[in-house]
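Please look over the chain and its fold before reading on. The paragraphs below go through it part by part.

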Amino acid sequence: MKLYFSPASPFARKCRILIREKGMLGQVEEVRADPIGGDGALNAVNPLGQVPALIDDAGVAWSDSPLICARLDALAPNPRFIPEGEARWSVLRREVIADGVMEQGVKIRLELLRPEGERSGAWMARWRAGILRSLDAAEAQADNTFDLAAIATVCALTWLDLRFPDLDWAPARPKLAALQAELEARASFRDTAPS
Ligand SMILES: N[C@@H](CCC(=O)N[C@@H](CS)C(=O)NCC(=O)O)C(=O)O
């Protein structure tokens with residue numbers, strides 16, 4: 001299998017951490033892509049031109065980090081990062097919150113890449129408020145389980161630190177800060193630190 005990624009993408013990082021935690025590095029070749037510059041090899045796997053994108057050994061293409069992570073989790077079921085039964089829904093709900101933080105952050109970032117006169121301050125303020133409310137929700141629902149939601153949450157937090165250091169989310173959200181400190185010390189997280 002091949003996973004297309006870019007080093008700063010928090011969505012791709014979710015998949016790369018999962019691959020390491022599940023011992024799948026020998027089965028998945030990680031291929032660096034350039035989604036912003038336009039990348040024909042990436043576009044052939046994901047017509048949206050976004051990372052992450054996975055092509056499996058049968059030539060089937062998978063895109064969108066929740067789907068790719070769910071597929072990887074099913075392919076190598078030990079250890080599981082998306083549990084069966086009722087607990088599954090808690091993990092997926094909390095993954096959606098973390099992914100939403102990344103999605104709104106990407107929107108702000110794209111806005112900031114526009115010339116100054118073309119940016120919308122109102123939209124950026126709206127997305128920033130959405131991020132902060134979502135972090136409050138994540139703080140309220142944080143637990144100590146090492147699952148896909150925890151991975152996604154820390155990918156979101158560390159990416160926010162990289163792109164928006166002024167957000168200063170940590171002091172008011174001690175559970176998220178502790179989760180980030182704990183997980184970023186793991187080899188899988190250190191090996192995929194965004195740059
Ligand atoms: N919902 C997607 C979002 C992926 C995404 O936005 N990736 C960004 C990089 S962080 C990208 O490839 N952007 C290029 C583009 O949208 O053209 C996922 O979860 O994988």
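What follows is a walk through the domains, three helices, the ligand shell and some backbone details. The model is predicted.

The protein is split into domain 1, residues 2–75, and domain 2, residues 86–186. Taken over C-alpha atoms, the centres of domain 1 and domain 2 are 21 Å apart. Nine residues of domain 1 and ten residues of domain 2 take part in the contact. On the domain 1 side, the elements that supply two or more residues are α1 and α3. Of these, α1 gives the most, with six residues. By class, the domain 1 side has seven nonpolar residues, two charged residues and no polar ones.

Helix α3 (65–75) is one of those two contributors. Its buried residues are Ser65, Ile68, Cys69 and Leu72. Viewed down the axis of α3, these buried residues fall within an arc of 100°, so they line one face of the helix. Leu67 and Ala74 are exposed and sit on the face of α3 turned away from the buried side. The partners against which the buried residues of α3 pack are α1, β3 (53–55), β4 (61–63) and α6.

Domain 2 begins at residue 86, and helix α4 covers residues 86–113. Helix α4 has 28 residues and reaches 42 Å from its first C-alpha to its last, close to the 40 Å expected at 1.5 Å a residue. The buried residues of α4 are Val91, Arg94, Glu95, Ala98, Asp99, Val101, Met102, Gln104, Gly105 and Ile108. Their cover includes α1 (10–21), α3, α5 (121–141) and α6 (148–163). Arg109 also belongs to α4, but Arg109 counts as partly exposed because it has 15 C-beta neighbours inside 10 Å. The C-alpha atoms of Arg109 and Phe81 are separated by 30 Å, with their positions 28 residues apart along the chain.

How many of the 16 residues of α6 are buried? Twelve are, so α6 is largely enclosed by the rest of the structure. Those buried residues are Leu148, Ala149, Ala150, Ile151, Ala152, Thr153, Val154, Cys155, Ala156, Leu157, Trp159 and Leu160. The elements covering them include α1, α3, α4, α5, α7 and α8 (187–190). The length of α6 agrees with expectation: at 1.5 Å a residue its 16 residues should span 22 Å, and its end C-alpha atoms are 22 Å apart.

Next comes the ligand. The residues around it are Ser9, Phe11, Pro35, Ile36, Gly49, Gln50, Val51, Pro52, Asp64, Ser65, Asp99 and Val106. By class, this shell has six nonpolar, four polar and two charged residues. Some of its members have already appeared: Ser65 is among the buried residues of α3, and Asp99 is among the buried residues of α4.

The remaining points concern the backbone. Most residues other than glycine have a negative phi, and most peptide bonds are trans. Against that background, the peptide bond from Val51 to Pro52 is cis, with omega near 0°. Pro52 lies in the loop between α2 (40–45) and β3, and both Val51 and Pro52 are listed around the ligand. A cis peptide bond also joins Asn78 and Pro79, where omega is about 0°.

Pro79 is in the loop between α3 and α4, and Asn78 lies in that loop too. Asn78 counts as exposed because it has 6 C-beta neighbours inside 10 Å. Its C-alpha atom is separated by 9.2 Å from that of Gly23, although Asn78 and Gly23 are 55 residues apart along the chain.

Asp64, another residue of the ligand shell, has a positive phi of about 75° although it is not a glycine. Asp64 is placed in the loop between β4 and α3. Is Asp64 buried or partly exposed? With 16 C-beta neighbours inside 10 Å, Asp64 counts as partly exposed. Asp168, likewise not a glycine, has a positive phi of about 50°. Asp168 is found in the loop between α6 and α7 (174–184), and with 10 C-beta neighbours inside 10 Å it counts as exposed.

Note on methods:
Residues are numbered from 1 along each chain as its sequence is written. This is a predicted model: local features need pLDDT of at least 70, side-chain atom pairs count only at pLDDT 80 or more; totals for chains, interfaces and linings use all residues. Helices (H or I, at least four residues) and strands (E, at least two) are DSSP runs, numbered from the N terminus. The expected span of a helix is 1.5 Å times one less than its number of residues. A residue is buried if 20 or more other C-beta atoms lie within 10 Å of its own, exposed if 12 or fewer, and partly exposed in between; C-beta atoms are placed from the backbone. Two residues are in contact if their C-beta atoms, placed from the backbone, lie within 7 Å. A residue is near a molecule or strand if its C-beta atom, placed from the backbone, lies within 6 Å of it. Ala, Val, Leu, Ile, Met, Phe, Trp, Tyr, Cys and Pro count as nonpolar, Asp, Glu, Lys and Arg as charged, and the others, Gly among them, as polar. Domain bounds come from an automatic or database domain assignment. The arc is that of the directions from the helix axis to the C-beta atoms.
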